[in-house]
Amino acid sequence: MSQVDLLNKWRDLAGQKFRPLQASLELTNRCNERCTHCYIDKFADDPERILSFQDWEKILQELRSAGSLYLILMGGEAMLNPHFWDILRRGAELGFHCSMITNGLLIQKFEVAEKLALTGLSVATVSLYSLDPAIHDRMTRVAGSCEKTKTAIELLSKAGVQVGVNCLLSKENVETYFELEDWCHQRGLEIKADTMITPKLSGNMKPTLQRMTAAQAEWYFETRAKKWEKGTPQPVEEGPRDHICNVAKGKCAVTAYGELLTCIEVREPLGSLVENSFSDLWQGAIAKKWRNLKVEDIQNRPSDFVAKFCDHCPGMARNEHGNELKISDYALEQARIKKAVYEKYRSPN
C-alpha cells in the first residue's frame with residue numbers, strides 16, 4: 001500500500017469515527033486585500049470579542065485532545081492576528097502539522113519566510129489569481145499585489161516551506177488560468193483551481209456576480225480535458241445513504257472568536273471552544289444534525305447521470321438560498337457542463 005493510499009484510508013477511518021484530523025482556524029477577519037469575490041462581510045474584528053493568546057492556546061489544546069493533526073491558519077489574512085507567531089509556535093510544539101492560507105503581502109523579506117519555517121510552518125497555500133498584474137490586482141483591489149504575491153512564493157520556497165497556489169476562478173481571470181498553471185508546474189508548485197464563488201456570510205450575493213459564465217466554464221473544463229490525460233471531469237458514485245460530505249466528521253473549523261464550526265463552509269456555530277470542551281460540542285445536537293445529512297435527503301438532486309457530477313456543498317447552499325438540502329442553480333449548471341465534457345472527451349476504454 002502506497003503512502004497516499006494509506007493516508008486516504010486513515011482519513012476515511014477518521015471520518016467514520018468522527019475524528020477531525022483537520023482543523024481550520026480563522027485567526028482574524030482583518031485583511032490587507034479587498035477581493036471582489038471574498039465571502040467576508042466586514043474586514044475587521046469586534047474589539048470586544050478578540051481572543052487572547054491564552055484563549056487560542058486553550059483552543060489548540062482542545063483540538064489536540066480531539067485528535068486533530070493538521071492545522072490550517074487562515075483569515076482574513078492570518079498574519080494580521082497579533083498573536084499569529086505565538087499561535088504558530090504553540091501549534092508546532094503540540095505536534096500539529098501547520099499550514100497557512102495567505103496572500104503573501106506580509107512576506108516580502110527572506111527573514112520573514114525563514115522565520116515562518118523555523119517557527120513551524122510546513123506548508124503555505126498562496127492565493128494568486130493571474131500572472132497578469134492588471135487582472136490579479138483588479139480582483140484583490142490592491143495595486144502591486146500580484147508582484148508581491150509572486151515574491152512571497154519565491155521567498156517561501158527558498159526558505160524551505162512547501163508552497164502551493166490556490167486560484168479562485170472568476171469571469172475576470174479564467175481565460176488566463178492555464179498560463180498560471182504552467183508557471184506553477186515549471187516551478188514544481190501544486191496549484192488548485194476553485195470554481196465555486198460563494199455569497200458573503202450575510203447572504204449578500206454580490207461576490208457571485210464574479211462567477212464564470214456558462215460559456216467560460218465550458219471552455220475551462222474542455223481545455224482541461226484536452227490539456228491533461230486525467231483532466232476530464234469524472235463521475236462520482238454515491239449511494240442514497242452515503243453522507244453528503246465530510247461535514248462534522250473528519251474536519252472542523254474555528255472562527256476568529258473561538259466558535260467551533262462543523263466545517264469552514266457551515267457557519268452555524270456549535271459553541272465556544274474557549275468556554276466548552278471539544279467533545280461536548282462535537283457530540284451536541286447541532287453537530288449531529290449536520291453529520292447525519294444523507295444523499296437521499298437532497299431535495300432537488302437530478303435523477304439522471306448529472307447527479308454524479310454535482311458538487312453540492314450544504315453550507316454554501318444554506319448561505320446562498322437558505323436551504324442546505326437544495327442544490328444551487330449554479331452547482332447544477334456546473335454539473336451539466338462537466339457531464340457534457342465528460343461524454344465528449346472520456347476515454348473509449
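In this predicted model, the secondary structure of the chain comprises twelve helices and nine strands. The radius of gyration is 20 Å, close to the 20 Å that the globule rule gives for 349 residues, so the chain is as compact as a globular protein of that length. Measured out along its principal axes, the C-alpha trace spans about 55 × 45 × 45 Å.

The nine strands come together in an open sheet. Reading across this sheet, the order is E6-E5-E4-E3-E2-E1-E7-E8-E9, and the pairing is mixed. Strand E6 (190–194) and strand E9 (271–272) are the edge strands, each pairing on one side only. Further in, strand E1 (residues 22–26) runs parallel to strand E7 (residues 251–254), and four bridges join the two. A handy place to find this pairing in the structure is Leu25, whose bridge partner in E7 is Val254. Helix H6 (residues 145–158) packs on the sheet, where it touches strand E4 (121–127) and strand E5 (162–168). The direction of H6 makes about 160° with that of E4.

Two spots in the backbone invite a closer look. One is the peptide bond between Gly75 and Gly76, which is cis, with omega at about 10°. Gly76 belongs to the loop that links strand E2 (70–74) with helix H3 (84–93). The other is Arg141, which has a positive phi of about 60° although it is not a glycine. Arg141 sits in the loop between helix H5 (133–140) and H6, and H6 is the helix that packs against E4 and E5.

Turning to empty space, rolling a probe the size of a water molecule over the atoms shows where it is left. The structure holds one cavity of 30 Å³ or more. The largest cavity contains about 100 Å³ of space. Its lining is made up of 13 residues, and those nearest the centre of this cavity are Cys313, Met316, Ala317, Ser328 and Ala331. Helix H11 (residues 314–321) provides the largest share of this lining, with three residues. By class, the residues lining the largest cavity are seven nonpolar, three polar and three charged.

The second largest pocket has a volume of about 330 Å³. Around this pocket lie 19 lining residues, with Glu26, Leu201, Thr255, Glu259 and Arg267 nearest its centre. Strand E8 (259–261) and H11 each supply at least two residues of the lining, and the largest share, three residues, comes from H11. Helix H11 thus appears in both linings, giving the largest share to the cavity and to the second largest pocket. Charged residues number nine in the lining of this pocket, alongside six nonpolar and four polar ones.

How values were computed. Residues numbered from 1 in each chain as written. Predicted model: local features only at pLDDT ≥ 70, side-chain atom pairs only at ≥ 80, totals over all residues. Heavy atoms only, no water. Pairing = 2+ DSSP bridges. Contact = heavy atoms within 4.5 Å. Axes fitted to C-alpha atoms, helices over the stretch in contact; angles between N-to-C directions. 1 Å grid on protein atoms, 1.4 Å probe; cavity = no way out; pocket = protein on both sides within 12 Å on 5 of 7 lines; lining within 4 Å. Points joined across faces, edges and corners; volume = space filled by probe spheres on them. Nonpolar A, V, L, I, M, F, W, Y, C, P; charged D, E, K, R; others polar. Rg over C-alpha atoms; globule rule 2.2 N^0.38 Å.
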